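Let's take a walk through this model, from a helix contact to the cores, the cysteines and a few backbone oddities. Keep the viewer open as you read.

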Amino acid sequence: MRHYIASTLATILRRLLPPCTCSPPHQHSSNLHLSLSLSHCLPSNLTQTHITFSDTHTSLWFFTQTHSLSTSVTVYLYLGHTKGRRGSHLIRIPYPYNVICSREMHAKNRLPSSGHNTPSPPASPLRSPRLRHPRSGKTAARFGLGVNRSITQRVAWIVLTFLLRRQGVFLFAPLLYISGMLFYMGTVSFDVVPDVIKSRRAPGSVYRSPELYAKLRHEMDADNSSSDAMSTIWKHAKGGDWRPCINKFSGGLPESNGYIYVEANGGLNQQRTSICNAVAVAGYLNATLVIPNFHFHSIWRDPSKFSDIYDEEFFVKTLENDVRIVDTVPGYLMERFDRNLTNVFNFRIKAWAPVQYYRDTVLPRLLEEKFIRISPFANRLSFDAPPEVQRLRCLANYEALRFSSPLLTMGQTLVSRMKERSKINGGKYISVHLRFEEDMVAFSCCVYDGGSKESEDMVAARERGWKGKFTKPGRVIRPGANRVNGKCPLTPLEVGLMLRGMGFDKSTSIFLASGRIYDSERHMAPLLEMFPLLQTKEMLASSEELAPFKNYSSRMAAIDYTVCLHSEVFVTTQGGNFPHFLLGHRRYLFNGHSKTIRPDKRKLAVYFDNPKIGWRTFKRHMLSMRAHSDSKGIELKRPNDSIYSFPCPNCMCHANKTEDSRTAVVSTS
């Protein structure tokens with residue numbers, strides 16, 4: 001085998017490099033005789049190295065020549081059989097620069113070699129590579145590929161020579177590798193996973209919070225090492241003070257270009273986005289806005305109208321100098337469309353459309369029709385807009401939109417009751433937005449500790465709310481991956497562990513803003529153990545007080561919104577429009593600082609999945625997470641950020657700066 005490898009190597013090198021062919025030495029020749037027999041082809045100043053394979057009678061001779069006038073080295077490799085064998089060749093290997101073969105170092109001689117030290121005739125030009133494939137036994141013998149070689153050896157030799165002669169094929173090596181891997185993966189079934197792999201779950205992929213709570217509960221209750229977080233959190237807000245700063249027009253409006261009718265979809269705060277964007281578009285196009293209509297959604301199932309949730313008269317009055325707003329379209333105009341809104345031209349506008357689209361596409365049709373409809377209209381305007389458009393958004397969201405009198409009264413009543421129950425903390429309380437309703441848990445596709453009953457409930461809820469979406473062919477549900485990626489809603493138990501680790505003790509008053517908690521009796525018990533002063537709107541108000549709002553999800557959400565808005569600390573656990581609007585609204589009220597805790601749920605999943613973690617270590621991680629929320633309290637809006645979450649600097653200005661300076665900053669942004 002070693003002889004075959006050496007022979008193949010020499011053959012490949014011979015085909016790649018111009019050879020200096022010499023006659024083979026005589027049988028049983030020594031190294032000295034070999035040097036003499038090759039003397040007509042080799043220079044005299046050589047350093048000789050000899051390797052012999054005794055079992056195959058094959059020898060390799062290396063002759064090295066160092067050129068004194070250059071940095072080049074010439075290596076002559078002779079592969080031959082000790083018994084003398086036809087076809088042995090002397091191979092020149094230049095390294096690394098400008099090597100001159102011996103046939104170029106001597107004068108040309110037309111006479112045949114006589115064994116004396118005379119130069120050899122020049123080698124014949126190399127033939128085309130296409131004509132150098134072994135096509136017969138004679139040709140194979142010429143290249144050192146004897147007829148006694150196996151098929152495997154022949155294939156290996158052919159592949160090696162092809163690759164080295166066609167070095168460009170290496171460019172396709174990554175493609176060949178990927179193709180091979182895809183072919184291999186296509187032949188392997190991933191449905192069957194070895195037990196060893198199954199047992200090694202990623203950290204954070206399993207719901208083990210009840211185990212962690214059982215382990216930490218005693219140390220948690222015994223911890224009196226620090227004061228309550230309510231008295232120390234955000235004592236020094238970073239980023240300076242900001243104040244509301246929205247310009248209002250006082251002059252009259254030019255003649256309207258037409259009427260715009262929008263249909264808002266989604267829940268309470270998605271509808272709020274539609275309203276504010278509609279005000280901005282109507283003002284930009286100098287159009288008259290019809291009071292938006294609310295869609296009836298299969299999830300929220302709330303038939304409320306605009307006036308049921310917002311103070312319509314106050315809304316129109318606040319914007320009267322900036323945008324015309326009416327509740328109905330004039331009769332003469334509706335007659336053109338047979339008094340049927342479905343006959344009105346409806347624009348299907350892509351999400352986050354730039355304001356230029358409304359100017360170039362919507363405005364010409366508005367001028368032609370005098371009445372257009374846009375449905376749906378939730379997120380149909382880019383957040384990156386001119387200052388005038390942003391000003392109208394700010395004015396609509398923070399000044400014009402006020403909850404209707406019944407909702408506002410109910411919300412303010414609950415705020416007063418929460419402050420009354422928080423006397424021990426100076427009337428300060430924290431609010432928590434908890435998304436652990438059945439539909440939210442079902443949509444997340446996460447698994448908790450409810451067993452087969454939970455699994456059946458979630459399957460039924462998914463089919464009820466999103467028919468067929470989760471049962472499509474090829475749809476794979478990976479609860480562990482969802483948890484690791486921070487997509488699983490926090491349970492009441494996990495919220496309690498997090499807040500206790502952040503320094504809030506049993507004396508902390510908490511308002512829980514939430515819908516109907518899934519399996520509430522089981523999930524709420526540990527949270528009430530950790531925070532016995534916890535309240536909900538159902539606990540603060542009587543059933544008679546809540547009766548007018550109870551069957552309307554948007555109205556109940558409006559009450560929660562009001563109580564959360566005036567809390568000392570707001571904790572968001574899942575994201576969505578509700579916390580995003582509260583984030584910005586609280587900044588607008590609290591000098592630019594949101595005073596909001598936004599936990600990193602990816603990190604929380606890892607901590608909750610580690611029953612071996614100690615209380616001190618867990619608390620250190622939670623305090624670090626709280627400090628991160630503190631540092632993010634005051635943030636300026638970037639180009640693609642929501643103005644409803646980041647009102648600075650479009651809707652606010654520094655307390656020590658004038659409105660003119662703020663306007664200059666906005667106009668350059």
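## Where α9 meets α23

In this predicted model, helix α9 puts Leu-268, Asn-269, Gln-271 and Arg-272 up against Ser-554, Ala-557, Ala-558 and Tyr-561 of helix α23. Sorted by class, that contact is made of 4 nonpolar, 3 polar and 1 charged residues.

As for the geometry, α9 covers residues 268–284 and α23 covers residues 553–565, and their axes come within 9 Å while crossing at roughly 85°. The two helices are therefore roughly perpendicular, since angles of 65 to 115 degrees fall in that class.

## Two nonpolar cores

Which residues have the most contacts inside the largest nonpolar core? They are Ile-260, Tyr-310, Phe-315 and Tyr-358, in a core that counts 79 residues. A second core, separate from that one, has 48 residues, with Met-220, Cys-446, Met-530 and Val-569 among them. As background, nonpolar side chains tend to be buried together in soluble globular proteins.

Tyr-310 is worth a click. Leaving aside residues up to four places away in sequence, Tyr-310 touches Leu-268, Arg-272, Ile-275, Phe-294, Leu-401, Arg-402, Phe-403 and Ser-404. Two of these names should ring a bell: Leu-268 and Arg-272 also take part in the α9 side of the contact with α23.

## The Cys-394 to Cys-651 disulfide

How many disulfides turn up here? The count comes to 2. One of them is formed by Cys-394 and Cys-651, with the sulfur atoms 1.8 Å apart. The angle about its S-S bond is -65°, and the link is left-handed.

Cys-394 sits in helix α14 (residues 387–400), while Cys-651 is in the loop between α26 (615–631) and β17 (652–654), so this disulfide ties together parts 257 residues apart in sequence. Are these cysteines buried or exposed? Cys-394 counts as buried because its relative accessibility is 1%, and Cys-651 is buried too, at 0%.

## The Cys-446 to Cys-488 disulfide

Cys-446 is joined to Cys-488 by a disulfide, S to S 2.0 Å. The torsion about this S-S bond is about -95°, which means the disulfide is left-handed. Here both partners are in loops: Cys-446 between α16 (438–444) and α17 (451–465), Cys-488 between α18 (479–484) and α19 (492–501), so the parts tied together are 42 residues apart in sequence.

Cys-446 is buried, with a relative accessible area of 2%, and Cys-488 also counts as buried, at 6% relative accessibility. Remember that Cys-446 also belongs to the second nonpolar core.

## Other buried residues

Two further cysteines deserve a look. Cys-564 is buried, its relative accessible area being 0%, and Cys-653 counts as buried at 1% relative accessibility.

Thr-491 shares the loop between α18 and α19 with Cys-488. What is around Thr-491? Not counting residues up to four places away in sequence, Thr-491 touches Tyr-207, Leu-434, Phe-436 and Tyr-448. Thr-491 counts as buried, with 0% relative accessibility.

## Backbone oddities

Which residues are joined by cis peptide bonds? Ser-375 and Pro-376 are, with omega about -5°, and Pro-376 lies in the loop between β11 (371–374) and α14. The bond from Cys-648 to Pro-649 is cis as well, with omega near 5°. Pro-649 is in the loop between α26 and β17, where Cys-651 is also found.

Then come positive phi values outside glycine. Cys-445 has phi near 60° and is found in the loop between α16 and α17, along with the disulfide-linked Cys-446. At 4% relative accessibility, Cys-445 counts as buried. Asp-519 also has a positive phi, about 50°, without being a glycine. Asp-519 lies in the loop between β13 (510–513) and α20 (520–530), and counts as partly exposed because its relative accessibility is 34%.

Key: Residues are numbered from 1 along each chain as its sequence is written. This is a predicted model: local features need pLDDT of at least 70, side-chain atom pairs count only at pLDDT 80 or more; totals for chains, interfaces and linings use all residues. Side-chain values use heavy atoms; hydrogens and water are left out. Axes are lines fitted to C-alpha atoms, for helices over the stretch in contact, and angles run from 0 to 180 degrees between N-to-C directions. Helices (H or I, at least four residues) and strands (E, at least two) are DSSP runs, numbered from the N terminus. Angles under 35 degrees count as roughly parallel, over 145 as roughly antiparallel, 65 to 115 as roughly perpendicular and the rest as oblique. Contact means heavy atoms within 4.5 Å. Ala, Val, Leu, Ile, Met, Phe, Trp, Tyr, Cys and Pro count as nonpolar, Asp, Glu, Lys and Arg as charged, and the others, Gly among them, as polar. A nonpolar core is a set of buried Ala, Val, Leu, Ile, Met, Phe, Trp, Tyr and Cys residues joined through side-chain atoms within 4.5 Å. Buried means under 20% relative accessible area, exposed over 50%, partly exposed in between (1.4 Å probe, protein chains only). A disulfide is a pair of cysteine sulfur atoms within 2.5 Å.
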